[in-house]
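Grab a pencil and have the model open beside you. Try each exercise on your own before you read its solution.

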Amino acid sequence: MNRRKLSGDFIFEAVVGFFALCILILAFLLFRELFVESGLSRNTFGLGFLTSSTWDPVKEVFGALPFIFGTLVSSFLALLIAVPFSLGIAIYLSELAPEKLRTPLSFIIELLAAIPSVIIGLWGIFILAPFIRDYLAPPLSTYLGFLPLFQGPMYGLSMLTGGVILAIMIIPITSSVSREVIMTVPTHQREGALALGATGWETTWIAVLPYARSGIFGAVILGFGRAIGETMAVTMVIGNSQKISGSLFSPSNTMASVIANQFSEATSNLHVSSLMEIGFLLLVISIIINIAARILVWKLLRVEGGGRA
Amino acid sequence: MNRLKILNILIIFILAGVLLAGCVSKQPTEITLNGAGATFPYPLISKWSSEYNKIKPNIQINYQSVGSGAGIKQITEKTVEFGASDAPLTEKEFANLSGILQIPESIGAVVVAYNLPGIEKGVKLSGDVVADIFLGKITKWNDPNIVSLNPGITFPGKDIIVTERSDGSGTTFVFTDYLSTVSPDWKSKIGKGKSVSWPVGLGGKGNEGVAGLLSQNPYSIGYIELAYAKNQNISYAYIKNKAGHFIEPTLETTASAAAGAVSALPAGDASWSSVSIVDAAGDNSYPIGSFTYFLVYKDQTDQTKGKILAEYLWWAVHDGQKYSSDLLYVPLPNDVISLNEKTIRLMNYNGQPLI
């Protein structure tokens, strides 16, 4: 092997390797810090932290159930709304849209992801929440009011509003990843279906989507990962109530928003430690979800390696 | 010869540079004091910083409004020269911070704000009624307990929409301190704190969050800082004070509450955990208010910075007070200023007083 090349490569490798290692170390330190700092809370409340619904900073009794519940429900709600939209956008952009429209449209959708979440939150407070209260909630309670989901008074700030805001915020990532995944589907899949006499709709439904299925699923989970960690916009519209309620009209709270709300003014050690434990739980959930999503997307891209349009 | 020209220019630049550097070095070096803490006094402290910089151009006061909790943490770890808190240190916090001084620098009031279409002004409430509303016991505007306090006002039979601060805040501390003082029921069930476990209601983040909830939900009630309510023209209630009068929240009525509490104030280096000016005595005292505090160490470890800090604090509690009213903060009563003088004189470097 060429000596000169070897030493140059070695330096290059060492430098970039060091940068990569920094991120790993940083992630590890973050994880460790959250774990260590939450020690007091874990020792005090044990597993009861996950199942207790009392969160009382005055009496220093902490349980995370209302926040775990709020995070999971609002994120599922967001998926329920965002997935059909994202899939529609992805299919339109990759299969149907005229060539001229594709780039500007996907650009605009990705731009939506660049809006700061506090701006989306403000829009949520002043436009979306009153809209949902005045126009969406009344028909829901009139026609679907027999379901516990749509009972009780609606003041604008609610689990439902939080879910809708989250849906808007995850549509860009879910739709753009889905679009990329659909574009990796080889052209011969489509040609084969068309040759057998399938219509455009049938081609997409039979030949394209099943092929991209696991990748789309990955995109959805990526969106879910984004939804559970989203803080500012949700905090502003979810109502921040620590009550677990079966109704989507009730105010609720999420793990990320209780941290954002209470961390800066938390002075007692146990309060801080409990917030740290919520942060730790959130990190663990996000890591699991993101790894799962990456594996699914990566599996597909590897099989079809380089098939992007 | 071109090269010669360039050389000449270079020499001129270098000479100019040396001369300039000489001039600059004659000026006193710039010193920055860092502070961190409560968001409530931020507009006042930042006004002070810019005014003080006009008097002493080489001194920068850099205040980060990161919240009282974070301010207390930073002063504990000595990453800042001064902290600021809306609530006095608790016994526990005070015990952890040996040699800390608490210097009240201003006074804030909290108003009970409401949105009642057609009733913009003049609603009167008493402490126990406010407590019962926030406990969820009084749920309708035409509840007999509200109606009996307000002869001449016709209340709608609507549900009361309760709103509160979702973020930990000094405003919540003052409000729940008041409710704990006037309502035994509140004291035993909820207590006082910067974040509490609210039995009912919607939570908004910050004064603006609560104000947003109020403006968008007719028949709602909430609590916000006096300054914020005045600036945003939000309706607020007259509150019944200890003497039995219904008092409008203003700078004067809040100052009157503070003046009434002065005789009972502890020394600056003692614990202030039980200090409270809620439900204060006095005919004209508005009952929901609080001091907001600077936190500094008695024993300073840097002579220059310590001296500058002591001078700044001295200025803030004297000359600085004249900027309070315009920003809707309550100026300190004279008795509190003289108490603060004693406290600031305790600041020392190796036993040498700094002022």
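For the charge exercise below, Lys and Arg count as positive and Asp and Glu as negative, while His and the chain ends are left out. Each charge is placed at NZ of Lys, CZ of Arg, CG of Asp or CD of Glu.

This is a predicted model, in which local features need pLDDT of at least 70 and side-chain atom pairs count only at pLDDT 80 or more, while totals for chains, interfaces and linings use all residues. Residues are numbered from 1 along each chain as its sequence is written, chains are lettered from A and ligands numbered from 1 in the order in which they are written, and side-chain values use heavy atoms, without hydrogens and water.

**Exercise 1. Find how many positive and negative side chains chain A has, and how far apart the centres of the two sets lie.**

Step 1: count the charges, and you get 18 positive and 17 negative side chains in chain A.
Step 2: take the centre of each set; the two centres lie 6 Å apart.

**Exercise 2. Work out which secondary structure elements chain A contains and in what order they run.**

Step 1: look for DSSP runs, where a helix is H or I over at least four residues, a strand is E over at least two, and numbering starts at the N terminus.
Step 2: tally them for chain A, giving 12 helices and two strands.
Step 3: read along from the N terminus: α-α-α-β-β-α-α-α-α-α-α-α-α-α.

**Exercise 3. Decide how much of chain A is buried, then look at helix α11 of chain A.**

Step 1: set the cut-offs: buried is under 20% relative accessible area, exposed is over 50%, and partly exposed is in between (1.4 Å probe, protein chains only).
Step 2: apply them to the 309 residues of chain A, and 47% turn out buried.
Step 3: zoom in on α11(A), residues 255-262, where six of the eight residues are buried. Among them are Met255(A), Val258(A) and Gln262(A).
Step 4: compare Ile127(A), which sits in helix α6 (residues 117-144) of chain A. Ile127(A) is partly exposed, at 49% relative accessibility.

**Exercise 4. Find the loop residue Glu60(A) and say what its phi is.**

Step 1: go to the loop between β1 (55-56) and β2 (61-62) of chain A, where Glu60(A) is found.
Step 2: check the backbone: phi of Glu60(A) is positive, about 60 degrees, although the residue is not a glycine.
Step 3: recall the background: most residues other than glycine have a negative phi.
Step 4: add the cover: Glu60(A) is partly exposed, with a relative accessible area of 26%.
Step 5: now try chain B, where Tyr219(B) has a positive phi of about 70 degrees and isn't a glycine either. Tyr219(B) lies in the loop between α9 (206-216) and β8 of chain B.

**Exercise 5. Put the strands of the open sheet in chain B in order and find its edges.**

Step 1: pair up strands wherever DSSP finds at least two bridges between them.
Step 2: line up the eight strands as β2-β1-β3-β11-β4-β8-β6-β7 (chain B), with mixed pairing.
Step 3: spot the edges: β2 (59-64) and β7 (202-204) of chain B each have a single partner strand, so one side of each has no neighbour in the sheet.
Step 4: check one pair: β1 (residues 31-37) and β3 (residues 82-85) of chain B run parallel and are joined by three bridges. Ala36(B) has Gly83(B) as its bridge partner in β3(B).
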